[in-house]
Amino acid sequence: MVLIIMMMVLLNIVKSELHYVGGDKTSWGPKVNLTEWSSHEHFHLDDWLYFGYDRHMFNVLEVNKTSYENCIDTGFIKNISRGAGRDVFQLKEMKTYYFLTGGGYCWQGMKVAVDVTDGVDGPASSPSPGNAAPAPSPTSDASGIQFNQILLLFIFALMWGVSSNYISY
Ligand SMILES: *[C@@H]1O[C@H](CO)[C@@H](O)[C@H](O)[C@H]1NC(C)=O
Ligand SMILES: *[C@@H]1O[C@H](CO)[C@@H](O)[C@H](O)[C@H]1NC(C)=O
Ligand SMILES: *[C@@H]1O[C@H](CO)[C@@H](O)[C@H](O)[C@H]1NC(C)=O
């Protein structure tokens, strides 16, 4: 039973990717061209975003399209910031999500639009030849794999712990 549940959890985790917004664990900031970054990524349903930043200066707010375009930080949809400068957000809908940092930083480029496509890579989710985007960068793929591997290790450690408990009793 435990094994079945773990396999289900595992399958669910493996199919969702973690995207470090801006490219790495501390790149939610004004020095990164987030539009550029986002255009090279492929976001799928159930993928996760990771916002890493200086918690004393910035925050992350989910806003609507109008607010994103005009850098409006009032009346936001959701406050993603939890206070540690390391926030995660799961993409649960097939739509374009908009995020920005309040307090004027949006004008310095601290905003990103994330376009979620279907769950699988394939011709349906490929960009049209007219505005063909380059393939996802190896770094973003690598970070996704790394995240999954850590979780795999964690789960195997957990399973090992469970089985060794059975042996000792
Ligand atoms: C960021 O990248 C986008 C897309 O490549 C480009 O259009 C834009 O001018 C860049 N912005 C800055 C501030 O360099
Ligand atoms: C977007 O949010 C702003 C700020 O709350 C609000 O004034 C505006 O009406 C919203 N626009 C849409 C299209 O929902
Ligand atoms: C968002 O939530 C964090 C943590 O609860 C809080 O410290 C921060 O002030 C909030 N930001 C806004 C703009 O409401």
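Which side-chain atom type of N64 is 2.4 Å from an oxygen atom of ligand 2? It is an N or O atom, and this tour reaches that place after the sheet and the disulfide.

**Before starting**

This is a predicted model, in which local features need pLDDT of at least 70 and side-chain atom pairs count only at pLDDT 80 or more, while totals for chains, interfaces and linings use all residues. Residues are numbered from 1 along each chain as its sequence is written, chains are lettered from A and ligands numbered from 1 in the order in which they are written, and side-chain values use heavy atoms, with hydrogens and water left out.

**Stop 1: the sheet**

Begin by selecting the strands β2, β8, β7, β4 and β5, which form an open sheet in that order with mixed pairing. Here strands are DSSP runs of E with at least two residues, helices are runs of H or I with at least four, and both are numbered from the N terminus. Two strands pair if DSSP finds at least two bridges between them. Strands of a sheet pair through backbone hydrogen bonds, either parallel or antiparallel. The edges of the sheet are β2 and β5, each of which pairs on one side only.

Select residues 43–44 for β2 and residues 111–117 for β8; these strands run parallel and are joined by two bridges. Within this pair, F43 has V116 of β8 as its bridge partner. Next add residues 96–100, strand β7, which runs antiparallel to β8 and is joined to it by five bridges. L100 can be located here, with K111 in β8 as its bridge partner. At the other end of the sheet, choose residues 61–63, strand β4, which pairs with β5 in the antiparallel sense over two bridges. L61 stands opposite N79 of β5, and N79 will return at the last stop.

**Stop 2: D46, after β2**

Move to D46, in the loop between β2 and β3 (48–52). Most residues other than glycine have a negative phi. D46 is not a glycine, yet its phi is positive, at about 75°. With 24% relative accessibility, D46 counts as partly exposed; the classes are buried for under 20% relative accessible area, exposed for over 50% and partly exposed in between, with a 1.4 Å probe and protein chains only.

**Stop 3: the disulfide**

Select C71 and C106 and show their side chains. How far apart are the sulfur atoms of C71 and C106? They lie 2.0 Å apart and form a disulfide, defined as a pair of cysteine sulfur atoms within 2.5 Å. By this rule the count is one disulfide. It links distant parts of the chain, 35 residues apart: C71 is in the loop between α3 and β5, and C106 in the loop between β7 and β8. The torsion about the S-S bond of C71 and C106 is about -75°, so the disulfide is left-handed. Both cysteines, C71 and C106, are buried.

Stay with C71 for its backbone. Phi of C71 is near 55°, a positive value in a residue other than glycine. The relative accessible area of C71 is 12%.

**Stop 4: H19 and E41**

Turn to H19, in strand β1 (residues 18–20). Is H19 buried or exposed? H19 is buried, at 1% relative accessibility. The side chain of H19 makes a polar contact of 2.6 Å with the side chain of E41. A polar contact is a pair of N or O atoms within 3.5 Å; within protein, one must be able to donate a hydrogen and the other to accept it, and residues adjacent in sequence count only if both atoms are side-chain atoms.

**Stop 5: ligand 2**

Select ligand 2 together with N64, T66, S67, T74 and G75, the residues around it, each with a heavy atom within 4 Å of the ligand. Besides the N64 atom of the opening question, a side-chain N or O atom of S67 is 3.4 Å from an oxygen atom of ligand 2, and a polar backbone atom of G75 is 3.0 Å from an oxygen atom of ligand 2. The protein covers 37% of the 360 Å² of accessible area that ligand 2 has on its own, as given by the Shrake-Rupley method with a 1.4 Å probe.

**Stop 6: ligand 3**

Finish with ligand 3, which is surrounded by N59, F76, N79, S81 and R82. N79 has a polar side-chain atom 2.3 Å from an oxygen atom of ligand 3. For S81, a backbone N or O atom lies 3.3 Å from an oxygen atom of ligand 3. The protein covers 45% of the 360 Å² of accessible area that ligand 3 has on its own.
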